[in-house]
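Here's a quick briefing to read with the sequence and the 3D view side by side. Take a look around first, then work through the points below.

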Amino acid sequence: MEDINVVIAGAAGEGVQTVGDILAHTVSAQGYAVFTWQEYESRIRGGQNSYSIRIGEKPQNAPLLPADVLLALNEGTVNKYEPLLKEEGTLIAQSRLRKRMIAIPFADIAQGELKDTIYANTIAIGALIGVLGVDLDTLKRVLVKKFKGKGNKVVESNLSAAEEGYRRATKECKDMCPWKLPRQGGQYYLISGNEAIPLAAAFAGCRFIAAYPMTPSTGIITYLASEEERLGVFAEQAEDEIAAVNMALGASYAGARAMTATSGGGFALMVEGVSLAGMTETPLVIVLAQRPGPATGLPTRTAQGDLLFAINAGHGEFPKMVLAPSNPHNAFHETVKAFNLADRYQVPVIVLTDHFLADSQFSVSDFDLDTVTPSFHLADPEKISDYKRYQLTEHGISLRLYPGQSEHLVGVDSDEHDERGHITEDLGSTVKAMVGKRLAKFDGLKGEISPPEEISVNDVNTVLVGWGSSRGALLEGLYLLKQEGKQAGMIHFTELWPLPEYQFPEGKTYITVESNAAGQLARLLRSEYAVSFQGTINRYDGLPLTGEYIRSRFNEYYG
C-alpha cells in the first residue's frame with residue numbers, strides 16, 4: 001500500500017493533539033507503522049494548528065505535507081489547510097462546505113446524544129477510523145486504556161461517541177473512502193525524541209536532572225518527573241537555566257550522573273556553566289533542543305540553527321563533545337554514549353535535538369539494547385595512596401573521586417589550578433601543563449566519534465550531506481529523485497564534535513541539506529575537512545525538511 005497521510009486541524013485548545021495521539025496509537029495497535037508531527041502556534045488558545053499522521057506498512061519516519069484525509073475541527077481550519085488536501089482526498093468537517101466531503105456535526109451529536117460536547121472529538125476519532133477502514137474494536141481498546149482512570153461512565157460515553165462517529169462516517173463514505181487498514185503483523189514502538197532521551201538517560205545511570213521549562217525541551221524533565229519512581233531519576237525544576245546547569249554540575253561533582261535540558265535561549269544562559277564544567281573537568285550532559293531564533297524566535301517551530309553555537313559555546317579552550325541524533329532509536333544510543341563519554345573524559349557533552357525530533361512520534365521496531373551498555377569510570381579510592389584530582393597524565397584524564405567517598409581530599413576550583421586543585425598563577429609551568437592536559441583529551445574523544453553514514457556514495461556523482469534529524473527526509477528525497485531517474489547519494493552526520501577522521505570521496509558534487517539559512521554544517525566541514533560544496537538546500541521557515549522539499553529544491557537549483 002502507498003502511505004496515507006491524515007491531517008487533523010483545529011484551534012489551540014480544541015484537542016487537536018488528543019485526537020491525533022489516539023488515532024496514531026490506534027493505527028499503530030492495528031500493526032501499521034506510524035509517523036506523526038505537529039505544527040502549532042505559540043499560544044494557549046486560538047490560531048490554527050495541525051497534527052499529521054503518516055501511515056504505512058513499513059516505517060517511513062519523515063513528514064508528508066499533501067493530505068489524503070483532512071479532519072477540520074472548525075471552519076477556519078478548512079481555509080488554512082484545505083490547500084494541502086489532494087484532489088481525490090477526503091475532507092471531514094462539522095458542516096457541509098463542498099460537495100465531495102463527509103459532514104458530521106460532532107458537537108451537536110455530542111450535546112444531543114451524550115449531553116456533553118466534550119465527547120465531540122471522540123466522535124471525530126470514530127469518524128476517522130471509519131474513513132480509514134480500521135477495526136473499531138482496536139479503537140475501543142485504545143479508548144479504554146486512555147480513559148479507564150476516569151471512571152466507567154467516562155469510558156462508556158467515549159465508546160458510544162466513537163461508535164456513533166464510526167457509524168455515520170461509514171454510511172457516508174461511498175467512493176470517498178478507498179482505504180482499508182485491516183489488522184497486520186507489524187509491531188512498533190511509537191515514541192518521540194523527548195521520550196527516548198529520558199529513557200536512555202535512566203538506562204545510562206543518570207540519577208539527577210535539573211531544568212527550567214523551555215519549549216521544545218520541557219518534555220524531557222516532565223517525563224522523568226512523571227516516571228521518577230519507576231526510572232529512579234530525581235527531577236528538579238530550577239528557577240532559571242543558570243541555576244539548572246549549576247545544580248546539575250553540583251550533582252555530578254557529588255558523584256551522581258546528571259543532566260540538564262534546554263533550548264537556545266536557555267543554553268545561552270548556561271554557557272558560563274559549560275565553561276565551569278570544562279575547567280573543573282566535571283562530567284555533564286546537556287540536551288539542547290533547537291528552535292528558530294534569535295531571542296524568542298519561533299518557540300513552537302523547528303530549526304537546526306545552533307550547531308556552531310554548541311560547538312563554540314564557552315570561553316577559553318577546553319574539550320567538549322556535540323552529538324546530534326537522527327531519530328528516537330539513534331537518540332537512545334547517542335544519549336547513552338553521551339553519559340559514558342562525559343564520565344570517561346570528564347567533559348560536557350551536548351546532545352543537539354530540535355522541535356521536530358523532540359515532539360514527532362516515530363515507529364521503532366527494536367532499540368537494540370544488546371548493542372549499548374552503560375560504562376562507569378569513577379576511581380577506586382582503595383587503590384590510591386596520594387590523590388591528586390588533576391594529576392597530569394599523557395591522555396589528560398585524571399582519576400576522579402567524589403567528596404566524602406573516602407578520606408582523600410577532592411580539591412576542585414574554577415580558577416586555574418595545580419594538580420591538587422589549588423589556585424595557581426604559576427605561568428611558567430603549571431598553567432601551560434594544565435591547559436595541555438585538558439586539550440589532550442581531544443585526541444581520545446576524536447577516536448570515540450563514529451564516521452558519518454554513507455548511502456550510495458560510491459555509485460553516484462552528486463551527494464547530499466546532512467546532519468541530525470534530517471536523515472528521514474534525506475532518505476525519502478533520494479528515493480523521490482530516483483523515481484525521476486536522478487541518482488544521488490547521502491552522507492549524514494550524527495556525531496559532530498570533535499569531527500572524526502574522515503575523507504570525503506574525491507570527484508563528487510556535494511550539496512548540504514540543512515534546516516538553517518547560513519549552511520552551518522557546510523561552514524564546519526569546509527573548515528575541518530577543506531571540502532568544497534557546490535550548493536545548499538536550506539529550509540528556515542520553521543517547518544521540517546521533507547523528502548518532497550528536498551526533491552523540488554534539488555530540481556529547481558541543481559536539476
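Start at Pro 216, which sits in the loop between strand E8 (206-211) and helix H8 (218-226). Keep in mind that you're looking at a predicted model. The bond joining Thr 215 to Pro 216 is a cis peptide bond, with omega at about 5°. That's worth a pause, because most peptide bonds are trans.

**Cis peptide bonds**
- Besides the bond at Pro 216, you'll find a cis peptide bond from Gly 293 to Pro 294, and its omega is near 0°.
- To spot Pro 294, go to the loop between strand E11 (284-290) and helix H12 (307-312).

**Positive phi without glycine**
- Some background for this group: most residues other than glycine have a negative phi.
- Glu 281 isn't a glycine, yet its phi is positive, near 55°.
- You can track down Glu 281 in the loop that runs between helix H11 (264-280) and E11.
- Is Glu 281 buried or exposed? Glu 281 is buried: its relative accessible area is 0%, and the cut-off for buried is under 20%.
- Ala 530 is another non-glycine residue with a positive phi, about 55°.
- Look for Ala 530 in the loop between helix H18 (520-529) and strand E20 (535-538).
- Ala 530 counts as exposed because its relative accessibility is 66%, and exposed means over 50%.

**Overall build**
- Zooming out, the chain's secondary structure adds up to 19 helices and 20 strands.
- Measure it out along the principal axes and the C-alpha trace spans about 85 × 60 × 40 Å.
- How does the radius of gyration fit a compact globule? A compact globule of 559 residues would come in near 24 Å, and the chain has 26 Å, which agrees.

**Inside and contacts**
- Of the chain's 559 residues, 57% count as buried.
- Take the contacts between residues at least 6 apart in sequence: 74% of them join residues at least 24 apart.

**Surface and charge**
- The chain exposes about 23,300 Å², and carbon and sulfur atoms supply 48% of that area.
- How many charged side chains of each sign are there? The chain has 51 positive and 68 negative ones.
- The centres of those two sets of charges lie 7 Å apart.

Terms used:
Residues are numbered from 1 along each chain as its sequence is written. This is a predicted model: local features need pLDDT of at least 70, side-chain atom pairs count only at pLDDT 80 or more; totals for chains, interfaces and linings use all residues. Side-chain values use heavy atoms; hydrogens and water are left out. Helices (H or I, at least four residues) and strands (E, at least two) are DSSP runs, numbered from the N terminus. The radius of gyration is taken over C-alpha atoms; the globule rule is 2.2 Å times the number of residues to the power 0.38. Buried means under 20% relative accessible area, exposed over 50%, partly exposed in between (1.4 Å probe, protein chains only). Contact means heavy atoms within 4.5 Å. Accessible areas come from the Shrake-Rupley method with a 1.4 Å probe; for residues, only the protein chains shown count as cover. Lys and Arg count as positive and Asp and Glu as negative; His and the chain ends are not counted. The place of a charge is taken as NZ of Lys, CZ of Arg, CG of Asp or CD of Glu.
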